[in-house]
Amino acid sequence: MRPGTGRWIVVVAGSEALFMDILKPFDDYETAALAAIASAQTAAELEQVRIEFLGQKKGRLRELQALIGQAAGEERPAVGRRFNEVRTVVTQRLQERADAVAVQEAADQERFDVTLPGTPPRLGALHPVTQTINRFRDLMGRFGFEVVEGPELEDERHNFEALNIPPDHPARDPLDNFYIATARTTSGGPVLLRSQTSTVQIRTMEKQSPPVRIVSLGRVYRPDTIDRTHSCMFHQMEGLMVDRNVTMAQLKTLLTLFARAFLGPDVKIRFRPSFFPFTEPSVEVDMKWGDSWMEIGGAGMVDPNVFRAVGYDPEEVTGFAFGLGIERFCMKHFEVDDIRRFYENDVRFLSQLQ
Ligand code: FA5
């Protein structure tokens with residue numbers, strides 16, 4: 001190695017004169033620091049490199065700084081310049097590498113591993129009452145009943161008159177119905193939210209001649225006192241079958257088979273004599289739940305006055321009709337003992353009823 005100008009100094013050690021490269025420690029420092037920076041892969045590793053090479057307390061830079069003081073007067077400017085040079089280079093390179101590593105780490109976090117097992121998305125589900133309606137439709141379809149729709153806003157003819165409910169009947173009391181104060185029919189009559197799906201019996205028979213075999217499922221509205229089994233909006237399934245020889249025995253058989261199909265073969269059903277203006281004879285249908293009975297519907301043989309109101313001949317045809325409370329079946333199916341739980345919209349509760 002040939003001594004160059006400026007960086008070689010002569011050191012006398014004993015009887016020997018040695019050339020010593022006073023800038024070599026700076027070169028070594030620079031080489032080592034740049035290699036360590038290049039091989040650091042993470043921000044944490046880079047921080048270790050920074051502490052080792054640029055740290056204020058014990059870093060290797062402090063050792064270099066000491067060399068400036070040790071240099072002889074004429075060499076000191078060159079040594080000081082070199083010190084500043086390596087410090088700047090190492091600081092800059094460290095910053096560049098830190099920026100690159102930060103970009104890489106951010107990209108790694110965004111990348112996802114397609115081989116990891118997936119998390120199922122939290123999808124919505126059908127409301128238990130909607131599930132019940134769908135099953136009702138399906139079962140009655142299999143019994144040969146066509147599904148028809150009817151309006152929720154009704155006139156008095158379809159909700160009362162044609163159903164043999166005269167004007168002075170207590171069921172027509174404005175306090176027992178939701179009349180719409182601001183609406184009128186085209187002929188100027190009152191409009192109300194239907195209080196029963198029996199309205200659809202009339203609408204169907206007005207349009208269609210016998211035989212008839214329909215069900216209609218939908219909302220009905222009553223200002224009832226709300227409790228465990230009553231809501232002011234609930235759902236009914238209306239059924240109507242009209243033909244030449246329809247009997248009460250067929251009605252009872254159908255309702256028993258339907259209840260068993262929906263709630264299982266062990267369900268207990270009973271029929272109690274009752275009264276509805278639009279059926280004669282009439283029954284109320286109860287279902288056993290624990291030690292007590294719960295009313296699930298009304299039914300009976302279509303009253304001749306109803307046939308007359310729609311232009312059918314009661315000497316020619318007979319028919320049965322029924323109206324079931326859909327929520328009551330839904331309660332029993334899911335073992336929910338309070339109808340209000342269906343309408344409180346607590347998703348934590350409803351999502352368990354699938
Ligand atoms: C009727 O609504 C008759 N239209 C049923 C009918 C149809 C009889 C065809 C004859 C022929 P009722 O008011 O009893 O009947 O209601 C029928 C069923 O609806 C009840 O048995 C009950 O299950 C359900 N229900 C009645 N009121 C409520 C209420 N407030 N909340 C929840 N369910 C109710």
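Colleague: Let's start at the ligand. How far is a polar side-chain atom of S198 from a nitrogen atom of the ligand?
Modeller: Keep in mind that this is a predicted model. A pair of N or O atoms counts as a polar contact within 3.5 Å. The pair here joins a polar side-chain atom of S198 to a ligand nitrogen, and the distance is 3.0 Å.

Colleague: And which residue has a polar side-chain atom 2.7 Å from an oxygen atom of the ligand?
Modeller: Q236 also has a side-chain N or O atom by a ligand oxygen, but that distance is 3.0 Å. The 2.7 Å pair, again with a ligand oxygen, belongs to E295.

Colleague: How much of the ligand's accessible area does the protein cover?
Modeller: On its own, the ligand has 670 Å² of accessible area. Around it sit 25 residues, with Q196, R222, D224, S231 and E295 the closest. The share covered by the protein is 94%.

Colleague: Moving on to the sheet, which strands are at its edges?
Modeller: The sheet is open, with seven strands in the order β3-β7-β8-β12-β11-β10-β9 and mixed pairing. An edge strand here pairs on one side only. That fits the two ends of the order, β3 (146-147) and β9 (269-276).

Colleague: Which residue in β11 stands opposite E284?
Modeller: Strand β10 covers residues 279-289 and β11 covers 292-302. The two run antiparallel, joined by nine bridges. Across from E284 you'll find G298.

Colleague: At what angle does helix α10 run to β12?
Modeller: Helix α10 is residues 326-334, and β12 is 318-325. The helix lies across β7, β8, β10 and β11 as well as β12. Its angle to β12 is about 55°.

Colleague: Now the helices: are α2 and α4 roughly parallel or antiparallel to each other?
Modeller: The axes of α2 (residues 43-54) and α4 (residues 76-110) come within 10 Å and cross at roughly 170°. On the α2 side the contact uses A43, L46, V49, R50 and L54, while α4 brings residues including R87, V90 and T91. Angles over 145 degrees count as roughly antiparallel. So α2 and α4 are roughly antiparallel.

Colleague: What about α1 and α4, roughly parallel or antiparallel?
Modeller: Helix α1 (residues 24-39) also comes within 10 Å of α4, axis to axis, and the crossing is roughly 0°. Among the α1 residues that meet α4 are F26, Y29 and L34, and the α4 partners include V79, F83 and V86. Anything under 35 degrees counts as roughly parallel. So α1 and α4 are roughly parallel.

Definitions and conventions. Residues are numbered from 1 along each chain as its sequence is written. This is a predicted model: local features need pLDDT of at least 70, side-chain atom pairs count only at pLDDT 80 or more; totals for chains, interfaces and linings use all residues. Side-chain values use heavy atoms; hydrogens and water are left out. Two strands pair if DSSP finds at least two bridges between them. Helices (H or I, at least four residues) and strands (E, at least two) are DSSP runs, numbered from the N terminus. Contact means heavy atoms within 4.5 Å. Axes are lines fitted to C-alpha atoms, for helices over the stretch in contact, and angles run from 0 to 180 degrees between N-to-C directions. A residue is near a molecule or strand if one of its heavy atoms lies within 4 Å of it. A polar contact is a pair of N or O atoms within 3.5 Å; within protein, one must be able to donate a hydrogen and the other to accept it, and residues adjacent in sequence count only if both atoms are side-chain atoms. Accessible areas come from the Shrake-Rupley method with a 1.4 Å probe; for residues, only the protein chains shown count as cover. Angles under 35 degrees count as roughly parallel, over 145 as roughly antiparallel, 65 to 115 as roughly perpendicular and the rest as oblique.
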